[in-house]
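Hi,

Here is the structure I promised to pass on. Please have a look at it first, and then read my notes below.

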Amino acid sequence: MQFFQHEITITAPSRGCHLITSDVQKVIAKDLSQIKIGLCNLFIQHTSASLTINENADPDVRRDMEVALNK
């Protein structure tokens, strides 16, 4: 069993929902060829940040999620 660990620093430009998929993919790109089955754990070291996993086929999803969170 192999383990890979990386640290990513992401600076959000403003309050709101932000896509980080490409940031994560860039960091793990070298490791992906060695993985057949895997699990990705993300730990956010910020007290007021949270992580959601949503489909990204429709831009309305992110907007709707942000509207709901702002209520």
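**Around D31**

Leaving aside its neighbours within four places in sequence, D31 is in contact with F4 and H6. Keep in mind as you read that this is a predicted model.

D31 itself belongs to helix α1. Does this aspartate count as buried or exposed, and which side chain of opposite charge is nearest? D31 is buried, and K30 is the nearest candidate, at 6.4 Å. A salt bridge needs a side-chain nitrogen and a carboxyl oxygen within 4 Å, so D31 has no salt bridge.

F4, one of the two contacts of D31, sits in the segment before α1, the helix that covers residues 21-32. The relative accessibility of F4 is 34%, so F4 counts as partly exposed. F4 also joins L32 and I35 in a nonpolar patch on the surface. Together, these three residues have about 240 Å² of accessible area.

**The charged group in α2**

Now to the salt bridges. How many does the structure hold? There are two, and here is how they are arranged.

- D60 and R63 pair through their side chains, with an N to O distance of 2.8 Å. Both residues are in helix α2 (residues 59-70), and they are three residues apart, about one turn of the helix.
- R63 also forms a salt bridge with D64, where the closest N and O atoms are 3.7 Å apart.

With these two pairings, D60, R63 and D64 are linked in a network of salt bridges. As general background, side chains of opposite charge can pair when their charged atoms come close.

How much of this network is open to the surroundings? The cut-offs are under 20% relative accessible area for buried and over 50% for exposed, with partly exposed in between. D60 has a relative accessible area of 31%, so D60 is partly exposed. R63 is at 48% and therefore counts as partly exposed as well. D64, with 44%, is partly exposed too.

**One more residue in α2**

L69 is another residue of helix α2. Its relative accessible area is 54%, which means that L69 is exposed. If you would like a distance to check in your viewer, take the C-alpha atoms of L69 and E55: they are separated by 17 Å, and the two residues are 14 residues apart along the chain.

That is what I have for now. Happy to talk it through whenever it suits you.

Best wishes

Definitions and conventions
Residues are numbered from 1 along each chain as its sequence is written. This is a predicted model: local features need pLDDT of at least 70, side-chain atom pairs count only at pLDDT 80 or more; totals for chains, interfaces and linings use all residues. Side-chain values use heavy atoms; hydrogens and water are left out. Patches are made of residues with over 30% relative accessible area and no salt bridge: like charges are joined within 9 Å, nonpolar side chains (Val, Leu, Ile, Met, Phe, Trp, Tyr) within 5 Å. Accessible areas come from the Shrake-Rupley method with a 1.4 Å probe; for residues, only the protein chains shown count as cover. Helices (H or I, at least four residues) and strands (E, at least two) are DSSP runs, numbered from the N terminus. Buried means under 20% relative accessible area, exposed over 50%, partly exposed in between (1.4 Å probe, protein chains only). Lys and Arg count as positive and Asp and Glu as negative; His and the chain ends are not counted. Contact means heavy atoms within 4.5 Å.
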